[in-house]
Amino acid sequence: MGFWRSRGSRHAHDVASCVTYGKLGLSLSCAGRGPCASKVFLGCRSRPRVQMKRSGRRRKMSANLPGEFAKFAKNSKYLRRIWRDTKASLDDIAKCGYFSEDQLAQLRLNETDDQFIGRTVMQPVALVVLGHSCWAKARVVNELFGQSVLPVTSPVGDESQLTWRMVRFSAGNQTEISLALPNSFELVEHLAAYDQPWRTIPRADLEVEGEARKDPALSAAALEIRMKHPLLRDEVQVVATPCNDSLSFEQTYRRAIEGCTPLLLYAFAEEAFTEKELADLYEIKRIAPKTPVLFIRANMPATSELTESEQHARSLRNARLAEQVQLCTAYVDGENSGSEDKQALETPMQTEEDAPKSVITLPVTAQQQLCSLGFVSKHFPEKRHHDRRRPNVRCSSGCSPSSELIENFDDFACNICLFVRSALQSMLVSAASLLNTTHLHCLRTFILTAFDMTRDMMITPKRLAYARKQETGLYHALMEVASHKQEEIRQLIVGAIENLRGEVLQRAADYQFEGVIVDEGEQAAPPTANVLQICTSQIQDLVLGMLNAAVAEKLVGSMNCLRESFVGTLERCLASLEGVCKEDDCMQASNALKQILNAAYQVEVTVKTSSSLLWVLWEKMKQLVQTLPGRAPPRIDAEWRQRVAADMLESLSEWRLARCICSQFRERLRSSHEQFQAAMRQLEAVHSGRLERTETQRIKVRKLHAPRLARCALESTSLRDEILYGMPQLGRELGRGQYGVVYSSEPWGGRSPCAVKSVVPPDDKHWNDLAMEFFYTRSVPDHDRIVQIRGSVIDHNYAGGTTPAVLLVMDRMQRDLYTALRAGLSWPARLRVALDVVQGIRFLHSQGLVHRDIKLKNVLLDRADRAKLTDLGFCKPEAMMSGSIVGTPIHMAPELFTGRYDNSVDTYAFGILFWYICAGHVKLPYVFEQCQTKDQLWSCVRKGARPERLPQFTDDCWRLMEQCWASDPQRRPLLGDVELVLEAISQQQQEAAHTQESQQLSESICSSQQQQTSGYGYTPCRPIVPTKDKYEMAVPVSELSVSTE
């Protein structure tokens, strides 16, 4: 039957199209499911609205399913905003022009991840019910809705002859039913549901029979049902795939999941999967290998509940199953007997080229079949029992949800909730993790970029100054050689002439003239005066050329300044400076430097400048005499060539040649130096503009791009942590600070004990600061001296949902150092705390971070009084610091007020902290106690006021304090040296304690001996002699001896 239809989108609504199908008189409407779709009906009355009549006996629906879908809708909406903000931030970064296309490609989400996130947060969720049994699928759908929306067929009848079309349930304000083509065009066809109110969809509207099977439109149409139901809120759909249709499984699967995020349910009725069902499972493994599937077995009713014909059908089916088992057994026996004509087990995967002829289902239970196919594990029953005992189980981090099997249909209600929750949470966690990975990669790139920018702004001016300084020094050194070492150059020339004499004569004898024809031999014609002059000039040029090269080599070799190592460094420095200069008209300073270095090679020596004036006149006279009439011209041969070369060497004036070389050398050096200076001025101008643009980009990265992506990273991490571990349960208040409150918490995320810092950012600036703090803290690797943040959750319901609160979950400690000092802490314990603090600061510095707020409240102690640093709110990499004044006033270094500082501010803060540690109390130093305001305190610190020395301070401790809080940052010690000094002080303290202990022990022993010998006389007591590993009493062998390890 020929027909045509319009190709369009799923929500086509631009053009109304109608098609009449043959004798059936069907009308095709472009109404679709689009919100603005227009309807056109030809030859058919309007389709009436139908009201679904509620079933008298309402089945209990899985009450938690709508709640799970509502949570998913809420979280996906939140994740969709994060996804869009991330893409907008990356687009803004691309517009700034600093990053190359390759760098931007690495920063962005790859296409596969972006499509997965888009499907997760944009498409509606659909429960897709697969299977070949109409009875099993109807039971599953009815159980989902809690009412009989699909007719239940005979469970034991022959369903191979029963053809059901696809059914799609979606949300609507009232119940409507229609037929729709795959491209969303509605078929205006009269349905049995229009005739009267119904509580179950009429079978006539579901089944495809008779002429409808031959009509392509009717056979491919799906039954669209819009109804008001709690399950369908939040755009949730329920799709029941067709039974026994002509399409392949892959085509049916693609149609069912089109435009939605599928949750796959597979319904079956028998104890084992049939051949067709196994073929479907192979296709699922091929098409969607990582998608979890919930397999549901709809239990067959008892034999007593069946009619006589149904009991007969069941007996026939059981007989076929037994026959199948027997075939499998015989097949296995044949395999074990080693028969040569055995055939391989065929895979029941249907393909267009080679469809399987027979499939042997071995083993014969559904669970064993699923295990063999890899859908469920062998330990599945134990895992399911464990999950059922935990109704609020959450998906685990780092693993995808697995397929499950429900063998007892009575367990469907609770298991479907667990499966849906696990699948939805897994999708959200995967999408949030992909986004978070992108955020962290971008932030790490920003930090490295900021480091490169800062280094460039610091190094470039120094490189320019270095190039100017070294070139000036080289120029003056070479000018000194050219101006004041003429005698040395003359000696070089004399030596070069003596060394070259034999080689010059030999090359002159073998020289071949250019541009003239010279006849040689006894019968050769005498040369003319012009030819003779040309040949003489060429021989002289040969001699002078060889002399030029030899003198230049010796001259360059005699200049020690050209052999200095800085010359190569200067060349590399200029190459790096010119590498960023892309302008074609930019003068090359490196070329000018090369001309300076090669100035000695560019000196040209001519006959006039190298020979004396008398010799030149004599040569002119000889040439004139040879041209007079009656004078026979000389014959040009090897002897003549050597004679001319020898005369040229003899005519050279060393003083004249030296003066000429020095003059040319100076002139070329001066010209090259001026060219270099001009190129450097142009290069400095180019770099000055570039550094200004770099500073602008650095500010944007630090203040705009990094905070925006850090906030996205905080939100994505918080969403993932909330899905995985839930909202932390707050206990009693532990402390309160300027920016938040710290509470105790129940075990969270598998960690205990925990503390939760609740922060309510009042504006975007505080949000950005908190996000950057969270990123820096989470990026720090685990360390024994740093309090780690284990996760974060954003409470959107705080204060009625007006202002969200960020909950930072961290390890819970016992107390802070302020409380410990007030309660009293021994001197050895305080020294150990000081060492722990130094180790923590050193670790932060090794990660490129500066804490900037070292104080008593930010040092926490555990039960063993070991210290850890916390509150990294002001902690930043040096390249990301803006020079703002942060910290606690008494611990702030003087340079903090200037805005230009480095990680030595932590050393200063430790010096003040160490004063409190050595003092053993929390009272302010006297000089700071006199300050009434913060400004007075800052002024006092800038003027050099420091805490006073207390009587209990040792010289080593006081010396260390003074070194740490030195006003000049360059004079402060490195933290590695501070740690060594603290270890030495601790070692001295231990030795002093051991000595005191030994003295007390000696006194007690002497006292006891005096009491024992008071009636017999006095025996003097010998002292305790310390050894390397123990202390022994130096007493006679017959007396008491004591030793302690």
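**Figure 1. A residue pair across β12 and β13.** Gly-735 sits opposite Val-742, a residue of β13. What we're looking at here, as in the other views, is a predicted model. The two strands, β12 and β13, run antiparallel and are joined by four bridges. On the β13 side, the strand covers residues 741-745.

**Figure 2. The open sheet around β14, with a helix packed on it.** Zooming out a little, how many strands does the open sheet have, and in what order? There are five, and they line up as β12-β13-β14-β16-β15, with antiparallel pairing. Strands of a sheet pair through backbone hydrogen bonds, and that pairing can be parallel or antiparallel. The edges belong to β12 (730-736) and β15 (789-795); each has a single partner strand, so one side of each has no neighbour in the sheet. Going from one strand to the next, the twist averages 30 degrees. Helix α22, residues 764-779, packs on this sheet and touches β14 (754-759), β15 and β16 (805-811). Its direction makes about 155 degrees with that of β15.

**Figure 3. A cis peptide bond leading into Pro-753.** Staying with the same part of the chain, this close-up shows the loop between β13 and β14, where Pro-753 is found. The bond to look for runs from Ser-752 to Pro-753: it's cis, with omega near -5 degrees.

**Figure 4. Helix α17 against helix α21.** How do the axes of α17 (residues 589-597) and α21 (residues 654-725) cross? They come within 8 Å and cross at roughly 165 degrees. Since angles over 145 count as roughly antiparallel, α17 is roughly antiparallel to α21. The crossing itself is left-handed. On the α17 side, the contact uses Ala-589, Ala-592, Leu-593, Gln-595 and Ile-596. The α21 side brings in Leu-669, Ser-672, His-673, Gln-675, Phe-676, Ala-679 and Met-680.

**Figure 5. Helix α3 crossing helix α13.** Here's another helix pair: the axes of α3 (residues 111-122) and α13 (residues 412-484) come within 10 Å and cross at roughly 135 degrees. That angle makes α3 oblique to α13. This crossing is left-handed. From α3, Asp-113, Phe-116, Ile-117 and Thr-120 meet a set of α13 residues: Met-427, Leu-428, Ser-430, Ala-431, Leu-434 and Leu-435.

**Figure 6. Asp-234 and its positive phi.** Asp-234 isn't a glycine, yet its phi is positive, at about 60 degrees. You'll find Asp-234 in the loop between β7 (222-227) and β8 (237-240). Is Asp-234 buried or partly exposed? Its relative accessibility is 39%, so Asp-234 counts as partly exposed.

**Figure 7. Arg-852 and its positive phi.** Arg-852 has a positive phi of about 70 degrees, and it's not a glycine either. Its loop lies between β18 (849-850) and β19 (859-861). Arg-852 has a relative accessible area of 7%; the cut-off for buried is under 20%, so Arg-852 is buried.

**Figure 8. The whole chain, for context.** Where do the close-ups fit? The secondary structure of the chain comes to 29 helices and 24 strands. Of its 1045 residues, 47% count as buried. The accessible surface comes to about 53300 Å², with 49% of that belonging to carbon and sulfur atoms. Among contacts between residues at least 6 apart in sequence, 75% join residues at least 24 apart.

Terms used. Residues numbered from 1 in each chain as written. Predicted model: local features only at pLDDT ≥ 70, side-chain atom pairs only at ≥ 80, totals over all residues. Heavy atoms only, no water. Pairing = 2+ DSSP bridges. Axes fitted to C-alpha atoms, helices over the stretch in contact; angles between N-to-C directions. Contact = heavy atoms within 4.5 Å. Buried < 20%, exposed > 50% of the residue type's maximum accessible area, 1.4 Å probe, protein only. Areas by Shrake-Rupley, 256 points an atom, 1.4 Å probe, with all protein chains shown as cover. Parallel < 35°, antiparallel > 145°, perpendicular 65-115°, else oblique. Left-handed = near helix turned anticlockwise from the far one by under 90°.
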